[in-house]
Amino acid sequence: MTLELAHIPEVDRPGPAAGATRAGRKLKTRGTRRTFLRAVTLGALTIGATALDWSGLSRVRKANAEYSPYGMPGFDRNDCRDAYPTGYAELTDTSGAYVNAYAACFGGFWRGSTYCEAGWHKYGTWNEGGIQVDHQPVANTCGQFVGKNAWRWTTPDMKVYRCSDGFSTFWGGGYTGQTYLTICRAAL
């Protein structure tokens, strides 16, 4: 059987033998196939947009103010302008996983991921290579007007890090209770 152009029904008109559907008979107005396809397309787009909105994929994510596990607040921007309005000169890490990465944190005697636990500055007493280290997160070194424990920074390779402040006191291995400002650098 060959298909001829004359036997193909019009897009917006049913064929001569087509009858009304059971659902269509109850409608007061008759729609065209094109109207039906528009409704199906609009419905699919609506469902898709709703699913994107519920998943959060359709929104630009903003940084939210965070709190450390010890209740200290952190800044909520990725450029640290809320802590340092004119910015700051990042310093490279002195230890940890990001020594060879772009610099992100500022200040502190030492900086690195070795001062982190669960993405924030360590708290408590730790034995690190035979040296006892007492870590204490603080919220009084970052910012000009309001004390915060941590801030976020985006490096040139578009990675975001949290820099969390604390004091670390070292005992043993030549240390006799010296306390230093240390910065935990954690990837977000």
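1. I begin with Cys163, which, leaving aside residues up to four places away in sequence, touches Ala104, Cys105, Asn149, Ala150, Trp151, Ile183 and Cys184. The model in which these contacts appear is a predicted one, and the remarks below should be read with that in mind. Cys163 also belongs to the largest nonpolar core, a set of 10 residues whose other members are Phe75, Tyr88, Tyr98, Ala104, Cys105, Trp151, Trp153, Tyr161 and Ile183. Strand S6, residues 150-154, and strand S7, residues 160-172, each contribute at least two residues to this core. Apart from it there is another core, made up of 9 residues, including Trp110, Cys116, Phe170 and Ala186. As a general point, nonpolar side chains in soluble globular proteins tend to be buried together.

2. On the overall layout, the chain contains 2 helices and 8 strands, and the order of its elements from the N terminus is α-α-β-β-β-β-β-β-β-β. Of its 188 residues, 30% count as buried. Among contacts with a separation of 6 or more, 51% come from residues 24 or more positions apart.

3. The pairing of S6 with S7 deserves a closer look, since both strands were named above as contributors to the core. The two run antiparallel and are joined by 5 bridges, one of which can be followed through Ala150, whose bridge partner in S7 is Ser164. In the hairpin that these strands form, 5 residues lie between them, and Met158 takes a positive phi near 65°. S6 itself is mostly covered, with 4 of its 5 residues buried.

4. S7 is also paired with S5, again in an antiparallel arrangement, and here 6 bridges join the strands. Within this pairing, Gln132 stands opposite Trp171 of S7, while in the pairing of S4 with S5 Gln132 is the bridge partner of Asn127. Strand S4, residues 124-128, runs antiparallel to S5 and is joined to it by 5 bridges. The hairpin of S4 and S5 has 2 residues between the strands, and Gly129 there takes a positive phi near 65°.

5. Which side chains of strand S5 point to the buried face, and which to the other? Along residues 131-137 the side chains alternate, with Ile131, Val133, His135 and Pro137 pointing to one face and buried, whereas Gln132, Asp134 and Gln136 point to the other face and are not buried.

6. A search of the whole structure returns 2 salt bridges. In one of them Arg185 is paired with Asp93, the closest N and O atoms lying 3.2 Å apart. This pair links distant parts of the chain, for Arg185 sits in strand S8 (residues 175-187) and Asp93 in the loop between helix H2 (33-55) and strand S1 (110-112), with 92 residues separating them. Both Arg185 and Asp93 are buried.

7. The salt bridge between Glu128 and Lys122 has its closest N and O atoms 3.1 Å apart. Its two partners fall into separate exposure classes, and the cut-off needed to follow this is that a residue is buried under 20% relative accessible area and exposed over 50%, with partly exposed in between. Lys122 has a relative accessibility of 9% and therefore counts as buried, while Glu128, at 25%, counts as partly exposed. Lys122 additionally lies over the face of Trp126, at 4.4 Å from the ring centre. A comparable placement involves Arg162, which lies over the face of Trp120 at 3.9 Å from the ring centre.

8. Turning to ring-ring contacts, the count of aromatic pairs comes to 7. Why is the pair of Phe170 and Tyr175 called tilted? Their ring centres are 5.3 Å apart and their planes meet at 35°, and because planes under 30 degrees apart count as stacked and those over 60 as edge-to-face, an angle between these limits is classed as tilted. Phe170 is buried, with a relative accessible area of 7%, whereas Tyr175, at 26% relative accessibility, counts as partly exposed. Ring pairs link both of these residues with Phe109, Trp110 and Tyr180 into a cluster. Phe170 and Trp110 are also among the residues of the 9-residue core mentioned in the opening point.

Definitions and conventions. Residues are numbered from 1 along each chain as its sequence is written. This is a predicted model: local features need pLDDT of at least 70, side-chain atom pairs count only at pLDDT 80 or more; totals for chains, interfaces and linings use all residues. Side-chain values use heavy atoms; hydrogens and water are left out. A nonpolar core is a set of buried Ala, Val, Leu, Ile, Met, Phe, Trp, Tyr and Cys residues joined through side-chain atoms within 4.5 Å. Buried means under 20% relative accessible area, exposed over 50%, partly exposed in between (1.4 Å probe, protein chains only). Contact means heavy atoms within 4.5 Å. A salt bridge is a side-chain nitrogen of Lys or Arg within 4 Å of a carboxyl oxygen of Asp or Glu. Rings of Phe, Tyr and Trp (its six-membered ring) pair if their centres lie within 6.5 Å; planes under 30 degrees apart count as stacked, over 60 as edge-to-face and the rest as tilted. A charge sits over a ring if NZ of Lys or CZ of Arg is within 6 Å of the ring centre and within 35 degrees of the ring normal. Two strands pair if DSSP finds at least two bridges between them.
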